[in-house]
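Reader: I should like to understand how this chain is arranged. May we examine it together?

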Amino acid sequence: VEAFEDGFLAKILVPEGESAPVGSTVALIAESEADIGSVAAAGGAAPAAAAPAEAAPAPAADAPDGPSILMPALSSTMKEGKIVQWAVKEGDK
């Protein structure tokens, strides 16, 4: 997934090989290199396993403020997606 926000990848919340519901936060972006530590610390833990297909994803009430990368819907029927590979590491721009 291409990030449309500028910044540094602060924290990966969904590791390679794992699935996440459409619209859920899969990574956090820090606006500057100096902010990486604070954004990563405030980001919390990885999301729980994906909900059953018939349940719609709940709005992320605990989603962190600031830029993030969301799991996109690549079709109108897509309910969840799988992270195959991260092209950058945490801390990369």
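The following questions and answers concern the sheet, the core and one loop residue.

Author: Please note at the outset that this is a predicted model.

Reader: In which order do the strands of the open sheet stand?

Author: The open sheet is formed by 3 strands, with antiparallel pairing. Its edge strands are β1 (8-12) and β4 (68-70), each of which pairs on one side only. Neighbouring strands are turned by 30° against each other on average, direction ignored. The order is therefore to be read with β1 and β4 at the edges, because strands count as paired where at least two bridges are found: β1-β3-β4.

Reader: Which residue in β4 stands opposite L28?

Author: β3 and β4 pair in the antiparallel sense, over 3 bridges. Opposite L28, in β4, stands S68.

Reader: Which strand gives the most to the largest nonpolar core?

Author: In soluble globular proteins, nonpolar side chains tend to be buried together. Here the largest nonpolar core has 10 residues, including V26, A27, I29, I69 and W86. One of these core residues, I29, touches F8, V39 and I69, among others, when residues up to four places away in sequence are not counted. The strand that gives the most to this core, with 3 residues, is β3 (residues 25-30).

Reader: Is S24 buried or exposed?

Author: S24 lies in the loop between β2 (19-21) and β3. Leaving out residues up to four places away in sequence, S24 touches I69, L70 and M71. Its relative accessible area is 16%. Because this value is under 20%, S24 is classed as buried.

Key
Residues are numbered from 1 along each chain as its sequence is written. This is a predicted model: local features need pLDDT of at least 70, side-chain atom pairs count only at pLDDT 80 or more; totals for chains, interfaces and linings use all residues. Side-chain values use heavy atoms; hydrogens and water are left out. A nonpolar core is a set of buried Ala, Val, Leu, Ile, Met, Phe, Trp, Tyr and Cys residues joined through side-chain atoms within 4.5 Å. Buried means under 20% relative accessible area, exposed over 50%, partly exposed in between (1.4 Å probe, protein chains only). Helices (H or I, at least four residues) and strands (E, at least two) are DSSP runs, numbered from the N terminus. Contact means heavy atoms within 4.5 Å. Axes are lines fitted to C-alpha atoms, for helices over the stretch in contact, and angles run from 0 to 180 degrees between N-to-C directions.
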